[in-house]
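Okay, thanks everyone, let me pull up the model. I'd like to talk about charged side chains and who pairs with whom.

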Number of protein chains: 2
Amino acid sequence: MNLENLREATRQQMPEKRWKHTLGVVETAIKLAKHFDGDANKAELAALLHDYSKAWAIDRMDVIIREQQLPQELLVYDKELWHAHVGAWAVQSEHGITDEEVLDAIRYHTSGRENMTKLDKIVCLADYIEPGRDFPGVSKIRELAKHNVEEALIAAFDSTIELLMARGKRIFPLTVLARNDLIVQLKQSK
Amino acid sequence: MNLENLREATRQQMPEKRWKHTLGVVETAIKLAKHFDGDANKAELAALLHDYSKAWAIDRMDVIIREQQLPQELLVYDKELWHAHVGAWAVQSEHGITDEEVLDAIRYHTSGRENMTKLDKIVCLADYIEPGRDFPGVSKIRELAKHNVEEALIAAFDSTIELLMARGKRIFPLTVLARNDLIVQLKQSK
């Protein structure tokens, strides 16, 4: 699959604002990969595709989650999480993306997971701090991201958990497991 | 087992400050049980015993968790959680308490759990709001507790999660599951 065609196909899945965000994530993911000795090509590809299904209709995603045996627990949690797994399925079935590292980075870019790969971390963090993002705490996360991916990602997950608590919404358990695991990794690395 | 003997035995497990806290939890748990149509006798018993092992040495609790096959995941999480399961084991083996509802309320008074019983909720909430407690947000939780146990308990768990995040510590997954479940219960009751 030619990267230029993939860019065009991805752009067609979403409104202009989401596409602009995608370009910001691509730019940031490449920078992070270079800075933290990651694979910049995979980071670019996963970042380009991370929101492939973000603008898809809920009903369409619901059918895909059920019929394609994606994790069924998604159905009982926030619909904001659906597009990540649906997107990984979509780029595989529509564009023949088979690199499991890239697919996982797409699958877990919103929730995180235990034992996140470097690529998972880069794409997830880039999604939080791309230049277009503006939310309480983002500048602190950007600052941390200059030095330590794990610290930045913990702060990023904290901001999500804060937001969910402030809104009286449930917290996706996998995000807590991801955050707990990053804290252990951070301790072990020091 | 005579309640007066049990009081004396419990008092001997802990320093004066912890005993004062225990009396506060007893008083509050009885009030909550009466207010929310719970079992005041069971609430009194579980509250009296909830911190039975709180002041025990870490090494002693460590041995009990391993040898008595208490949940082994406790060992990898915050030691603050240990006394709850160890305490339930201790009052059963030392004082013949066999009421599973009371034992569960002791076991889960710190972490919470999914499908909390009314007694679980009362003891857990009483532990947060007894008159001696003073932490950011406690007055809001006390106010909520006048009207709705679930809302108060969600706010209480939020305060714990906030604190753990502020300290860069891991969040016990069961607490998140407990909070998520209370949010569902609350929606269903409205």
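So, salt bridges: counting over all chains, there are 36 of them. Keep in mind that this is a predicted model. I'll walk you through a few.

Start in chain A, with A:Arg179 and A:Asp158. Their side chains meet in a salt bridge, 2.5 Å from N to O. The two partners come from distant parts of the chain: A:Arg179 sits in helix H10, residues 173–189, and A:Asp158 in helix H9, residues 149–166, with their positions 21 residues apart. Are these two buried or exposed? A:Arg179 has a relative accessibility of 0%, so we call that one buried. A:Asp158 is at 14%, and because the cut-off for buried is under 20%, A:Asp158 counts as buried too.

Now take A:Glu16 and A:Arg11. They also form a salt bridge, with the closest N and O atoms 3.7 Å apart. The surroundings here are another story: A:Glu16 is exposed, at 52% relative accessible area, and A:Arg11 is partly exposed, at 35%.

Over in chain B, have a look at B:Asp104 and B:Arg113. That's a salt bridge with the closest N and O atoms at 3.4 Å. B:Asp104 is buried, with 17% relative accessible area, and B:Arg113 is buried as well, with 16%.

Last one, back in chain A. Which residues join up in a network of salt bridges there? The members are A:Glu100, A:Asp104, A:Arg107, A:Arg113 and A:Asp120. Click through those five on your screens, and then I'll take questions.

Methods:
Residues are numbered from 1 along each chain as its sequence is written. Chains are lettered from A and ligands numbered from 1 in the order in which they are written. This is a predicted model: local features need pLDDT of at least 70, side-chain atom pairs count only at pLDDT 80 or more; totals for chains, interfaces and linings use all residues. Side-chain values use heavy atoms; hydrogens and water are left out. A salt bridge is a side-chain nitrogen of Lys or Arg within 4 Å of a carboxyl oxygen of Asp or Glu. Buried means under 20% relative accessible area, exposed over 50%, partly exposed in between (1.4 Å probe, protein chains only). Helices (H or I, at least four residues) and strands (E, at least two) are DSSP runs, numbered from the N terminus.
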